[in-house]
Amino acid sequence: MESGEAVVLTVHGRPVADIVPRETRSERRPTQVLLAELDEVAALAQSVGVTSNAADFDVGLITNDMFDWRDILDTSILIARELLLSLRA
């Protein structure tokens with residue numbers, strides 16, 4: 001297990017379960033950094049006159065349904081920033 005490989009648990013020689021190593025999470029930016037980036041994206045959107053209705057982002061999920069909402073948020077921030085910067089140019 002230390003080498004990161006899966007192990008098969010057996011009972012009387014028959015496989016009954018796979019034991020797999022935990023996934024390691026990537027480094028997380030502090031919440032304050034995420035909030036600052038969201039503010040930056042909001043300011044960029046306002047500077048180019050982009051507005052949206054909050055209902056446009058409702059996909060019918062709650063945060064507990066999402067696999068890793070911070071990764072989704074990180075990616076969304078990057079995409080929004082790039083899109084808004086391209087509109088600004």
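A residue is called buried under 20% relative accessible area, exposed over 50%, and partly exposed in between (1.4 Å probe, protein chains only). The exercises below concern a predicted model, in which local features need pLDDT of at least 70, side-chain atom pairs count only at pLDDT 80 or more, and totals for chains, interfaces and linings use all residues. Residues are numbered from 1 along each chain as its sequence is written, and side-chain values use heavy atoms, with hydrogens and water left out.

**Exercise 1.** Determine whether Glu-37 is buried or exposed, and state which residues Glu-37 touches.

*Solution.* Step 1: locate the residue. Glu-37 belongs to helix α1; helices (H or I, at least four residues) and strands (E, at least two) are DSSP runs, numbered from the N terminus.
Step 2: apply the cut-off. The relative accessible area of Glu-37 is 15%, so Glu-37 is buried.
Step 3: list the contacts (heavy atoms within 4.5 Å). Not counting residues up to four places away in sequence, Glu-37 touches Arg-29, Ile-77 and Arg-81.

**Exercise 2.** Identify which residues make up the largest nonpolar core and which helix gives the largest share.

*Solution.* Step 1: recall the term. A nonpolar core is a set of buried Ala, Val, Leu, Ile, Met, Phe, Trp, Tyr and Cys residues joined through side-chain atoms within 4.5 Å.
Step 2: name the members. The largest such core has 6 residues: Leu-34, Val-41, Leu-44, Ala-45, Ile-77 and Leu-84.
Step 3: assign them to helices. At least two residues of this core come from each of α1 (31-47) and α2 (69-88), and α1 gives the largest share, 4 residues.
Step 4: examine one member. Leu-84 touches Val-41, Leu-44, Ala-45, Val-48 and Val-50, with residues up to four places away in sequence not counted.

**Exercise 3.** Describe where His-12 lies and what is unusual about its phi.

*Solution.* Step 1: find the place. His-12 sits in the loop between β1 (7-11) and β2 (14-19).
Step 2: judge the exposure. With a relative accessible area of 80%, His-12 is exposed.
Step 3: consider the backbone. His-12 is not a glycine, yet has a positive phi of about 55°. Most residues other than glycine have a negative phi.

**Exercise 4.** State where confidence is lowest and where it is highest in the protein chain.

*Solution.* Step 1: define the score. pLDDT is the predictor's confidence in each residue, from 0 to 100.
Step 2: take the whole chain. The mean pLDDT is 77, and 73% of the residues reach 70 or more.
Step 3: compare the elements. Confidence is lowest in α2, at a mean of 78, and highest in β1, at 88.
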